[in-house]
Structures are given as structure tokens and as C-alpha cells.
Amino acid sequence: MTQSNGPIKVDSKAVSQQLLDQYDTFLFDCDGVLWLGTHLLPHIKETLNLLLTQGKKLYFVTNNSTKSRAAYAKKFASFGIDVTEDQIFTSGYASALYVRDTLKLVPGTDKIWVFGEEGIVDELKLMGYESLGCNDPRLNEPFDIATSPFIAQGLDPAVKAVIAGLDTKVNYHRLAITLQYLQQPDVKFVATNIDSTYPNKGHILPGAGSMINCVAFAAGREPAACGKPNPNMLNAIVTAKQLNRSTCCMVGDRLNTDIRFGVEGKLGGTLLVLTGIETEENALDVSSDHPLPKYYADKLGDLYELLN
Ligand SMILES: O=C(O)[C@H](O)[C@H](O)COP(=O)(O)O
Ligand SMILES: [Mg+2]
């Protein structure tokens, strides 16, 4: 059933075709839209192929910073989906761009402390930056102020920024040393993204924002958050790919990141899918603090199923 005022549900062949006809470019969120962890959602491959056969351009815009763009290309390949690195944008990449283009840190001289995973380190490395923290095995040791090498050796004065993101190895040692850097007033504080939760198969798990808030609260500081809905991330994509915003559609599973990104970024359309974070009730809640999508669907694969 479609709504006359508010989001239109993609629940018929006509609406599915109407949606496809309006846009020449689709920006896809990944977690909760394409997959849940290592589980590919139904008819994703078929939907992407359908769009390609209709001549659409496809880009993938994820707030998940745990993998680099190169690692994501491999993840797509593992599902038998042919996506190249230059179609992928991550919040880790957006954070590295921020360090280089806004903070203007000097590669080879300035270092970055990473409270997060490899995806951030790899993107920084491509820009010539050395990072500390992340998966340094010494951080896996239980924290003891008397024995922590990070406390004993003191802070590295070359560290000029902390980048914080989703860290599935989070522990007190990582939190404690990250806080030491954040107590330095000249060390900038960068967050990959603000997602409070992360959808996996059958479970909603703590997201990057929940971990970042822990160190932000301890430090009494507010980070610059680089992923969706930050317009700088969209500007970077629009410029790199020379996109016409009015013919782009953002597809996501979260209102306060994906749909806000599309609406405030003045993209022609937004499609919310219900395979991740949001429910149908949220999608239709006109009293919501967040912008509502133009369209919503139970799942992305419905675009394909309704047309076949
Ligand atoms: O907490 C996180 O980092 C996010 O919940 C998650 O990984 C977001 O990924 P996206 O849905 O943007 O692909
Ligand atoms: Mg998502």
C-alpha cells in the first residue's frame, strides 16, 4: 500500500519501476542494506544487476570503518558481485580525507592514534600517514598503569589526531590510552561515524558511536564526525564522480545517517529499507526528529522481485 502523504512504499511493480525511472545513480549503504555481517540479503545481486542493465551508476557509501575500500572490493567479490574500489566510499576514507584536507596534517611527520580497526589504518597509510594504536598487540594486555608500555614510554609527541571508529576489540587499555591522547589540547579528535548500533544477522550490536561516546564523554570533547550524514562526505563523492544530485537516490537502513545524508545533501531521492535498523513505524513517523525518506521498502531485493 502506498501513502498519499509521506514515504511511498515500494510494494508494486509500478512503484518499483517509477523509482528506477527517476534516478540514474544509486548510492548504497552496505550494513543492513546489502548484507548483515557475512550474510548477503535476498536478491541483492539480482537487484544490482537489474540496475546495471538499465544503465544506472552504482556507488557504495558505508559508515563501517573496519575495512578499507580495497578490502570491501574483496568482500563484494566474495559474494560474486563485481564492484571496484573506486565505487566504494567508507567513513574511514572520509576520516583520512579530513585529516589530510581539513586538518592538513603532514604525512611522514604527523602521526594519528587509531581507536578502531584496520580500515582506518589502511586508508591513512595510502595517504602516507603513520598510525599508532589500533591492533598493536600490547593493547590486548589487561590495563595496568604500572606496566602499560604506553604509560611507561609516555605519549608520542608526533601524534596530532585521534581517529575513533568501530572497534570490536575494544577494552580498557585502548580506552585508557586513547583518553591520554585526547587530554592533549593540540591533538584533534576525529570520529568516523555516529551510528549508535550496528545490524548483524539476528542481532543489533553496539555501533561506532557508542564506543566513540565513551572516550568523548571521558575527555569532555566532541569529535568531528566524518561519515554519513556529514555533507563533506557527499561533497567528496559528488565531486569525484561528477554526479548530478537531482538524479541520485540514496538507499539506506538508518534515518539519522543515511536518509539525513540524502535529504540534507539535496539528492533527488531516498529509499529506506527495513532490513537493518529502522522499522516501518519509524519510516512513517512524521513526528520523528529525522528526515523521512521519499520511498521505503521491506528490503532492497523487492525492487527486483516486483519487476520479475
Ligand atoms: O557502527 C558502525 O560503524 C555502523 O553501525 C555500521 O558499520 C554502519 O555501516 P553502514 O550501515 O553505513 O554500511
Ligand atoms: Mg546501514
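Reasoning about a predicted model

Q: Where in this predicted model is Gln 242 found?
A: Gln 242 is found in the loop between H9 and strand E14 (248-252).

Q: Why is Gln 242 called exposed?
A: The cut-off for an exposed residue is 12 or fewer other C-beta atoms within 10 Å. Gln 242 has 6 such atoms within 10 Å, so Gln 242 is classed as exposed.

Q: What makes the backbone of Gln 242 notable, given that it is not a glycine?
A: The phi of Gln 242 is positive, at about 50°.

Q: Which residue in the loop between helix H10 (255-264) and strand E15 (269-273) is described here, and why is it called exposed?
A: The residue is Lys 266. Its C-beta atom has 12 others within 10 Å, and the exposed class takes in 12 or fewer; Lys 266 is therefore exposed. Lys 266, also not a glycine, has a positive phi of about 60°.

Q: Why is Asp 82 called partly exposed?
A: Asp 82 has 13 other C-beta atoms within 10 Å. Exposed requires 12 or fewer and buried requires 20 or more, so the value for Asp 82 falls in between and the residue is partly exposed. Asp 82 sits in the loop between helix H3 (69-78) and strand E6 (88-90). Along the chain, Asp 82 and Asn 49 are 33 residues apart, and their C-alpha atoms are separated by 9.8 Å.

Q: Which residues of helix H5 (residues 118-126) are buried, and what covers them?
A: The buried residues of H5 are Gly 119, Ile 120, Val 121, Asp 122, Glu 123 and Leu 124. Each therefore meets the criterion of 20 or more other C-beta atoms within 10 Å. Their cover includes H3, E6, helix H4 (91-102), strand E7 (111-115), strand E8 (130-133) and strand E9 (159-164). After H5 comes Gly 128, with a positive phi near 90°.

Q: Why are strands E11 (residues 197-200) and E12 (residues 203-206) said to pair?
A: Pairing requires at least two bridges, and four bridges join E11 to E12, so the two strands pair. The strands run antiparallel, and Tyr 198 has Leu 205 in E12 as its bridge partner. Their hairpin has two residues between the strands, and in it Gly 202 takes a positive phi near 80°.

Q: Into which domains is the protein chain divided, and how many residues does each bring to the contact?
A: The division is into domain 1 (8-63 + 229-307) and domain 2 (92-225). The contact takes 14 residues from domain 1 and 12 residues from domain 2. On the side of domain 1 that touches domain 2, four residues are nonpolar, seven polar and three charged. The C-alpha centres of the two domains lie 30 Å apart.

Q: Why is ligand 1 said to lie between the domains?
A: Domain 1 and domain 2 both give residues to the shell around ligand 1, so the ligand lies between them. The ligand is surrounded by 13 residues, the closest being Thr 62, Asn 63, Asn 64, Asp 195 and Gly 207. By type, the shell divides into four nonpolar, six polar and three charged residues.

Q: What kind of peptide bond joins Lys 228 and Pro 229?
A: The bond is cis, with omega at about 10°. Pro 229 has its place in the loop between strand E13 (224-225) and helix H9 (231-241).

Technical notes
Residues are numbered from 1 along each chain as its sequence is written. Chains are lettered from A and ligands numbered from 1 in the order in which they are written. This is a predicted model: local features need pLDDT of at least 70, side-chain atom pairs count only at pLDDT 80 or more; totals for chains, interfaces and linings use all residues. Domain bounds come from an automatic or database domain assignment. Two residues are in contact if their C-beta atoms, placed from the backbone, lie within 7 Å. Ala, Val, Leu, Ile, Met, Phe, Trp, Tyr, Cys and Pro count as nonpolar, Asp, Glu, Lys and Arg as charged, and the others, Gly among them, as polar. A residue is near a molecule or strand if its C-beta atom, placed from the backbone, lies within 6 Å of it.
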